[in-house]
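Trainee: I should like a close look at a single part of this structure. Please choose one strand, describe its pairing, and then place it in the wider context of the model.

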Amino acid sequence: MDDIKVNQNPKLGSIDRPNSYIGRSLPRENAKKHLDGGGQFVDDLTLPRMVHVAFLRSPFAHAEIKSIDTKTAKLSDGVIDIFTAKEIDEVCKPWVGVLGHLGEMRSPEQSPLAKKIARWQGEPIAVVIANSRAQAEDALELIEVDWLEKDAQVDMETALDPNAVIIHPELGNNLFWTRTVNQGDVDKAFKEADAVVETTLDFARHTGVTLESRGIVADWNKAENKMTIYHNGQAPHMMQHIIAKHLDLNEGLVRIISRDVGGSFGIKVHVYPDEMAVTAISKKLGRPVKFIADRLESFTTDIHARCHKISGKLGVDKNGKILAMEIDDLSGIGPFSMYPRTSAIETNQVLNLSGAPYVIPNYKAVGTVVFQNKTPMCQYRAVGHPIAVAITEALIDKAAYKIGMDLDKIRKINFIPDNSYPNKSPSGVPLEDLSHQASMDKLLEIMDIEKFETKKKDDYQKGILSGYGVISMCEVTNPSPLFYGVGGAHISSQDGASIRLEGSGAIHLSSSITEQGQGTEAIMKQIAADQLGVKLESVRVTLGDTDATPYGGGTWASRGAGIGGEAVLKAARKLKDNILNIAAAIMQTDKESLDIEDNNVVRKNGGEGISLQKLAETVYYRGHEIPKGTNPELLATASFLIEGIPFVFTNSAMGCQVSIDQDTGIIKINKFWAVEDCGTQINPKLVEEQIRGGVIQGIGGALFEECVYDDQGNMQNATMADYLVPMAYEMPDIIVDHVTTNSGRSIIGAKGAGEAGTGGAPAVIMNAINNALKQVGAEVISQPITPEKVLKALGKI
Amino acid sequence: MIRLICYLMGGKYMKAANFSYYEAKNIQDAIKIKANDEEAVILAGGQSLLPALNMRLSSPSCLIDISKISGLNDIIIDGDYLFIGALATHSDVMRNEIVSQKMPCLIDILKMVAHPAIRNKGTHGGSIAYGDPAAELPALAVATNAEIILSGQNGDRSINANDFYLGLFETAINQDEIVVGIKYPLLKQGQVFLFDEVCRRHGDYAMAGLIANIILSSNKVNDLKLVFFATGDKPDVADKTAKLFLQTGYDYDQLKNSLSSEIDFAGDLNSSSEMKLHLATILIKKIINKLEA
C-alpha cells in the first residue's frame with residue numbers, strides 16, 4: 001500500500017491494521033472504465049421510439065418576437081412536430097429564481113421557451129422534434145421568425161443608469177439584489193490608519209467548459225404515469241422535485257438517473273430552460289426525447305460566472321496591522337436569476353469571504369447584482385472565491401508595499417490565530433478548525449521564498465521581469481441547511497448511505513452523493529471498506545439514481561467527502577455492529593471480543609473466526625441456525641448533515657512565481673505551490689487532483705478565459721478555437737502539500753477540497769504579476785490578464 | 001473564419017447540412033467532378049473543412065474526397081526544389097528525413113501548427129489551398145517563393161505563391177483545379193529561413209508571425225524578405241520594411257512606422273491592430289536575435 005500521507009485521525013481507528021484504506025492514495029477503479037471507453041454518458045443512450053430535438057435560439061441579445069411561422073419547417077424530412085412557448089407552457093409551469101433568506105430578490109417568471117421577448121443571445125424560442133438531430137437542424141433553417149430587434153442592456157455598469165434599457169419593465173429597473181454588511185466603524189478606522197490603499201479590479205465573464213456538454217433524455221411512460229429522466233446533473237433529488245413540481249407529476253413517480261458525468265463544476269446543478277422543455281415534450285408526445293447541447297449552445301446557454309467589478313480599500317497601522325477593509329462589488333447576471341439557487345450567491349460569497357483569513361475589526365461590504373442582456377450567470381466552482389480572494393490579497397500586497405513590509409510577514413501578523421477557533425470572519429460568518437498560520441508556514445517552507453527576491457533582482461539585470469506572490473484563503477465547503485434549504489429551496493443538505501452484506505459476501509453501497517469524474521465512487525468505497533474491515537474490491541457502489549439510492553443533496557459545494565462520506569462511515573459502522581452481533585450469537589461469544597478483518601469476523605484474541613460469506617449464507621439461507629431473537633439485518637442506512645453552522649470552511653495557502661516577456665506581454669507561470677487543509681484526506685491523490693485541476697481552472701480565469709461580447713450583446717468567441725482554456729503547455733508544475741486540521745463536526749473529520757485552486761489561483765497569479773510589474777511602475781487590474789493588457793500596462797502599446 | 005461568423009448564427013448548428021460525397025479514385029476523376037460542380041469542395045484532411053460544415057458556415061453540394069488517391073503524398077527532391085505532395089500530412093512532413101536535411105525550418109514551423117491529433121490528419125496541400133491568413137504554411141510558401149502545382153482539365157500548371165494568394169481565403173485556384181503539390185526552392189549558399197510567432201497558447205493561431213528569407217554574405221544580412229501572417233487578409237510581404245532594415249538595422253520606431261504604412265493590420269479577438277503592429281516589429285528583432293544566436 002502507498003505511504004500514509006495524512007496525520008492519523010484518532011476517531012477512525014488505527015492506521016496499522018488490515019483494510020485501513022482511509023488516507024491512502026489508491027488508484028480509482030472507475031478510471032479504467034473510462035480509459036476503456038466503457039463509460040455510460042447520456043449521449044450513449046438510445047431508447048426505442050426516441051426522438052431528437054434542436055432549439056431555435058435568439059440570434060439577438062434583446063428582441064421582440066412578432067411572429068413565428070413553422071409551416072414550411074414542419075414539412076421538412078423527419079420532423080415530428082415543432083413547438084413554441086404556447087405548446088410547452090401547456091405542460092410546464094414557469095419558475096422564479098428567488099430565495100427567501102437573503103433579503104429581497106426580484107426576478108420575473110421564466111418559462112422554457114421565450115414568449116414575446118428574447119432577452120439573451122441563445123435563449124430558446126422554438127424547438128423542432130425530429131427523428132434525428134440533423135433533420136431537426138435542417139428544419140430550424142426553415143422556421144421564419146419576424147424579429148423586432150430592441151436596444152440591449154449589455155454593460156452591467158450602466159444597468160442602473162436612468163437611461164438604461166429596462167429588461168423587465170414590470171420591475172421598474174434592472175436591480176436584482178443588493179446586500180450590505182457592516183461590522184464596526186470603517187470610516188473612523190480609516191481615519192486612524194497610518195496607511196490606506198485602494199484598488200478596483202475587473203473580472204471577465206467565463207464559463208465551466210465541461211468536457212461532456214449538458215444532456216438529457218426524458219422518457220414519459222403514460223401507462224405508469226412515470227417520468228424517467230437520464231440527466232448528467234449533480235443533484236438528482238433536486239431535479240426530481242423540480243420536474244415533478246413544474247410538470248405537475250407525482251414526485252414519487254419521477255426517477256432521475258445520472259450515470260457517468262463528464263465534468264460539472266457547478267454548471268450542471270441548475271435548471272435550464274431547454275432541459276425543462278425536453279421533459280415537457282416527452283410528456284406531450286409520450287416518447288423518449290433526447291437533447292445534447294452542442295458546443296455553441298454550451299457557450300451561449302450554460303451558465304456563465306464571475307462578471308464582477310469590485311473596488312476595495314484597506315487601512316493598516318504602521319506595524320502592518322489591518323484596521324479596516326471596505327469593498328463595493330457590482331455583478332451582472334444576465335436577464336434572469338437562475339432557478340432554484342438564484343444568481344445572488346456569488347456576490348453573497350464575495351461579501352462573506354473577503355478578508356476571511358484575517359482579523360479585521362472594521363469591515364464594510366456592499367454588493368449589487370443587476371440584470372443585463374447576456375447569458376444567465378450563476379454559481380460555478382469556487383463561487384465568489386476568486387473575486388473575494390483577489391481583492392483581499394491585492395489590497396494586502398499594496399499595503400505591504402506602502403509600509404515596506406514583506407509579503408508573508410504582513411499576512412502572518414494579521415491571520416486569525418490557529419488556536420483561536422471557533423472564531424468569526426470579518427463579515428461575521430462563523431469559522432472553525434482552520435490553520436492559516438500553519439499553512440502559510442508550510443507554504444513558505446516548500447517555496448523557499450527567500451530565494452525569489454534574489455532571483456527577481458538577478459532577472460531584472462538580465463531584462464526579465466519576474467515576480468512572486470503568496471496568498472491565504474478560506475473555502476466554503478459542506479454547506480448546512482442554512483445555505484439553500486432555509487430560503488425555501490428543495491435542496492437537501494442531508495445525505496444518506498445504505499450498505500448491505502449480500503449472500504455472496506459482497507458489500508453493496510449506495511449513496512445520494514454523485515460522481516462527475518472527481519472520484520466520489522472511489523472514496524465512498526475506501527470509507528466503506530475501511531470502516532467495515534473488508535477488501536476494497538469486495539465493495540460495489542451505486543450512485544446517481546433516485547430509485548436506487550438514499551435521499552440526499554448530491555455533489556456540489558465540496559460536500560461529497562465531508563457529508564456523504566460521513567453518512568457512509570456511519571452506515572458501515574452500523575452494519576459492522578449488526579454483523580458482529582450475529583457473529584457473537586453464532587460463535588457464542590461477546591461482540592466486544594470480535595472484529596472484522598479482510599472479510600472475516602475474527603476473534604481479537606485469536607482462534608477460529610467466520611468469513612462474512614459464511615455468515616451471510618447462514619443468515620440468508622439457514623436462518624434457523626441463528627439463535628432466536630438475534631437481529632438478522634445485514635443492511636444499514638445512515639444519514640448526515642452539518643448542524644449549527646452555515647458551512648464547514650477549509651483553508652489553503654498558495655504561492656507562485658512568474659516571469660513576463662516585456663516585448664510580447666506573454667506571462668509564464670514558472671511554478672505553483674498550494675498547501676491545503678481539508679482535514680482528513682480519504683484519498684490524498686484525489687485531493688491533489690482536485691487542487692491541481694482547480695489551479696488550472698484558476699489559471700484559465702487569471703490569464704485566458706473570457707466570454708467576449710460586442711456592444712449588441714453578441715458573444716463573439718463561442719468555439720473552443722476562440723475561447724481559450726489552459727492546455728498542457730500552459731500548465732506549470734504544481735506542488736501540493738497539506739496541513740491537517742480535522743473538522744470537529746464529524747467522525748471522519750473531512751472538509752471539502754474542491755474549491756481552493758479555482759478560488760485562489762487568480763489572486764496569487766495576479767499578485768505575482770504585479771510584483772514583477774512593480775519594478776517598472778506598472779500594474780494590471782483586469783482579468784483575464786492578456787498579453788495586450790500587460791503591454792498596455794508597460795506602455796508598449 | 002469560424003470566429004468571425006459563429007456569433008451571427010446564434011449557436012444553432014452542430015450537424016452538417018446534407019451534401020453528397022464522392023470518393024475520387026484518381027486526380028482526373030476529382031478534377032472532372034469539380035469542374036462540373038461549382039459548389040463542390042475538395043476534402044483532404046478535413047481539419048478546417050469539417051468544423052465549418054458542422055457549424056454550417058459552409059454548405060457545399062458535394063465533398064470530393066481526394067484522401068484515397070495514391071501518389072499525392074510524395075516528399076522528394078525535384079531538381080532545385082523540395083517537392084511536397086498535397087496529401088502529405090503535417091506529421092508526415094515533420095518526420096521526413098529529406099525535410100529535416102533540406103528545410104529544417106519547416107519542422108520548427110509545423111511544431112507550432114495546432115496539436116498532434118490535428119497534424120496527423122491535416123495536409124500540406126490543404127493548408128496551402130485553404131489560404132487562412134493566420135496559418136503558417138501560406139506565409140512560408142510566399143516567403144520562400146515556392147511554386148504551387150495545380151492540376152486541371154488542361155494538365156498541370158505552376159504558379160508562384162506570391163501570385164497565388166489574392167485575399168481573405170481567396171486564391172488563384174480555378175474551378176477545375178486541385179493543388180497537387182508545393183515546390184520549395186532549395187536553400188542556396190548563405191541562405192536561411194527563420195521563423196517566429198507569438199501565440200496566447202501553444203498551438204493557437206498566432207497574434208502575429210513572421211517568416212524571413214535571409215541571404216547572408218560574410219555573416220551579414222545581404223538580402224531579406226519578410227512575410228508576416230495573422231496580420232491581414234493574406235500573407236503580408238513587407239519589402240519596404242525589409243529594405244529599411246538592410247539600410248539602418250533594427251530600430252523599433254522606424255521599422256514600426258514602416259510596417260504601419262506597408263501592412264493594413266487587422267485586429268482580432270486576441271490582439272488589436274495596434275498590438276499586431278507592435279508584435280510584428282518585435283518579431284523582426286526576435287528573428288535577428290535568432291540569426292545572431
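**A strand and its two partners**

Mentor: A:Asp219 stands opposite A:Thr228 in strand β10 of chain A. This is a predicted model, in which local features need pLDDT of at least 70 and side-chain atom pairs count only at pLDDT 80 or more, whereas totals for chains, interfaces and linings use all residues. Residues are numbered from 1 along each chain as its sequence is written, chains are lettered from A and ligands numbered from 1 in the order in which they are written, and side-chain values use heavy atoms, with hydrogens and water left out.

The strand in question is β9 of chain A, residues 215-221; strands (E, at least two residues) and helices (H or I, at least four) are DSSP runs, numbered from the N terminus. Five of the seven residues of β9(A) are buried, that is, under 20% relative accessible area with a 1.4 Å probe and protein chains only.

β9(A) pairs with β10(A), residues 226-231, in the antiparallel sense over six bridges; pairing requires that DSSP find at least two bridges between two strands. The two strands form a hairpin with four residues between them, and A:Asn225 in the turn has a positive phi of about 55 degrees. β9(A) is also joined to strand β12 of chain A, residues 289-292, by four bridges, and these two strands run antiparallel. In that pairing, A:Gly215 has A:Ile292 as its bridge partner.

As for the interior of the model, the largest nonpolar core has 81 residues, and A:Leu314, A:Phe672, A:Leu703, A:Ile765 and A:Ile769 have the most contacts inside it. Such a core is a set of buried Ala, Val, Leu, Ile, Met, Phe, Trp, Tyr and Cys residues joined through side-chain atoms within 4.5 Å. Helix α18 of chain A, residues 756-773, gives the most to this core, with 10 residues. Apart from it lies another core, of 69 residues, including A:Ile242, A:Ala244, A:Val254 and A:Ala344.

Chain A also meets chain B, in a contact (heavy atoms within 4.5 Å) that takes 45 residues from chain A and 36 residues from chain B. The two chains bury about 3400 Å² between them, 59% of it on carbon and sulfur atoms; buried area is the accessible area (1.4 Å probe) lost on putting the two parts together, summed over both. Five salt bridges are found across this interface, each a side-chain nitrogen of Lys or Arg within 4 Å of a carboxyl oxygen of Asp or Glu.

Technical notes: Buried means under 20% relative accessible area, exposed over 50%, partly exposed in between (1.4 Å probe, protein chains only).
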